[in-house]
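Me: Please take a close look at the disulfides in this predicted model. I would like one connected account of where they sit and how they are arranged.

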Amino acid sequence: ALPTAPTASPSISLQPTTELVENNCYVLTMSDSESDGWDNAYWYWKNGDSEDAGYGNVLAQGTMDDGASSTVEICSYTRITCYDFMVTSGQYPSEISWIIESKKGKNMYTTDGAKAKGGAAETISFCNMPTPSP
């Protein structure tokens with residue numbers, strides 16, 4: 001029998017990338033004035049870029065189960081230009097506060113110049129996230 005010719009390798013079609021590549025990370029500090037956690041309030045870090053395929057997707061989320069203060073890292077990504085930071089009310093919204101800072105402890109600013117801090121039942125948008133200087 002004659003050897004058969006090798007079959008052509010299948011063609012590869014590249015899909016647009018949806019992989020998230022971290023750009024910069026920031027520190028979210030959650031505080032509770034009664035030192036008993038956020039009482040069923042949650043925060044959500046969402047894709048706020050209406051031009052992006054992942055618009056509205058939750059990139060990170062959390063709460064503070066107990067205590068007066070807790071920190072967590074949240075990150076920006078190379079292909080997303082805007083983010084929405086949303087905090088729900090929980091049972092005692094007046095006890096809740098938060099701030100987002102660069103890893104060097106400098107407070108971030110939203111595009112309208114407002115400081116990146118707030119309380120419960122808020123959604124704040126961040127576009128063109130600042131790059132922490134080394």
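Reply: Cys 82 and Cys 127 are joined by a disulfide with an S to S distance of 2.0 Å in this predicted model, and the link is right-handed, with 115 degrees about the S-S bond. Because Cys 82 lies in strand E5 (residues 82-87) and Cys 127 in strand E8 (residues 122-127), the pair ties together parts that are 45 residues apart in sequence. The two partners are covered to unlike degrees: Cys 82 has 15% relative accessibility and therefore counts as buried, for which the cut-off is under 20%, whereas Cys 127, at 23%, counts as partly exposed.

The structure holds two disulfides, and the other one joins Cys 25 to Cys 75, with S to S 1.9 Å. The torsion about the S-S bond of Cys 25 and Cys 75 is about 100 degrees, so this disulfide is right-handed. It links distant parts of the chain, with Cys 25 in strand E1 and Cys 75 in strand E4 (residues 69-77), 50 residues apart. Both Cys 25 and Cys 75 are buried. Strand E1 covers residues 22-32 and includes Glu 22, which, leaving aside its neighbours within four places in sequence, is in contact with Cys 75 as well as Ser 76, Tyr 77 and Thr 78.

With bonded cysteines counted along the chain, the disulfides follow the pattern 1-2, 3-4. They are set in a chain with zero helices and eight strands, where, among contacts between residues at least 6 apart in sequence, 70% join residues at least 24 apart.

Notes: Residues are numbered from 1 along each chain as its sequence is written. This is a predicted model: local features need pLDDT of at least 70, side-chain atom pairs count only at pLDDT 80 or more; totals for chains, interfaces and linings use all residues. Side-chain values use heavy atoms; hydrogens and water are left out. Helices (H or I, at least four residues) and strands (E, at least two) are DSSP runs, numbered from the N terminus. Contact means heavy atoms within 4.5 Å. A disulfide is a pair of cysteine sulfur atoms within 2.5 Å. Buried means under 20% relative accessible area, exposed over 50%, partly exposed in between (1.4 Å probe, protein chains only).
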